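Hi,

Here's the structure I said I'd pass along. Have a look at it first, and my notes on what turned up follow below.

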Amino acid sequence: MTRAPGFGDLFAAFPLRTLLLSVTPLVLALVQGVNGVLYGGNLVFVAGFAAVMVAFSVGTTRHQLSAFRVRALEDRFLD
C-alpha cells in the first residue's frame, strides 16, 4: 500500500501555488503582527487580521491537498 501524498509532495508538484496560498498568508500575518506591535497599532485588529490569515492559509492548504490527493488517486486507478 502506498502512502497518501503530503504537503511536501504538493509543494514539489506545485511550488508557486503552494507558496502563494499556504505560506504567504502566514508570513503576512507575522509581518503585520510585528508592525502592529512596533508601531502601536490596535492589537485587537492586528490579532483579528492574523487569525483570518492563518484560517485562510489552513483552509486553502487543506483544499489544495485534498484536490491533489484526489488527482493522485485518479491517476493511479484510471491509468
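Let me start with a small puzzle: does Val34 count as buried, partly exposed or exposed? Keep in mind that this is a predicted model. Val34 comes out at 43% relative accessibility, so it counts as partly exposed, because that class sits between the 20% limit for buried and the 50% limit for exposed. Val34 belongs to helix 2, which covers residues 15–38. On the surface, Val34 joins Leu30, Leu38 and Tyr39 in a nonpolar patch, and together the four have about 490 Å² of accessible area.

Now for helix 2 as a whole. From first C-alpha to last, its 24 residues reach 32 Å, close to the 34 Å expected at 1.5 Å a residue. There is a bend of about 40° at Val23, with a proline, Pro25, following within four residues. Just past the end of helix 2, Gly40 has a positive phi of about 70°.

And the covered side? Thr18, Ser22, Pro25, Ala29, Gly33 and Gly36 are the buried residues of helix 2. Their cover includes helix 1 (7–13) and helix 3 (43–78).

Thr18 is worth clicking on. This helix 2 residue has a relative accessible area of 0%, so it is buried. Setting aside residues up to four places away in sequence, Thr18 touches Phe7, Leu10, Phe11, Val23 and Gln64.

That last contact leads over to helix 3. Helix 3 has 36 residues and spans 52 Å between its first and last C-alpha, close to the expected 52 Å at 1.5 Å a residue. Its buried residues are Val46, Met53, Ser57, Thr60, Thr61, Gln64, Leu65 and Phe68, and what covers them includes helix 1 and helix 2.

Which residues does Gln64 contact, beyond its neighbours within four places in sequence? They are Leu10, Arg17, Thr18, Leu21 and Ser22. Gln64 sits in helix 3, and its relative accessibility is 6%, so it counts as buried, the cut-off being under 20%. If you're browsing in a viewer, Thr18 and Gln64 make a handy pair to bring up together, since Gln64 is among the contacts of Thr18 and Thr18 is among those of Gln64.

That's what I have for now. Shout if anything looks odd on your side.

Cheers

Conventions. Residues are numbered from 1 along each chain as its sequence is written. This is a predicted model: local features need pLDDT of at least 70, side-chain atom pairs count only at pLDDT 80 or more; totals for chains, interfaces and linings use all residues. Side-chain values use heavy atoms; hydrogens and water are left out. Patches are made of residues with over 30% relative accessible area and no salt bridge: like charges are joined within 9 Å, nonpolar side chains (Val, Leu, Ile, Met, Phe, Trp, Tyr) within 5 Å. Accessible areas come from the Shrake-Rupley method with a 1.4 Å probe; for residues, only the protein chains shown count as cover. A salt bridge is a side-chain nitrogen of Lys or Arg within 4 Å of a carboxyl oxygen of Asp or Glu. Helices (H or I, at least four residues) and strands (E, at least two) are DSSP runs, numbered from the N terminus. Buried means under 20% relative accessible area, exposed over 50%, partly exposed in between (1.4 Å probe, protein chains only). The expected span of a helix is 1.5 Å times one less than its number of residues. The bend at a residue is the angle between axes fitted to the seven residues ending there and the seven starting there. Contact means heavy atoms within 4.5 Å.
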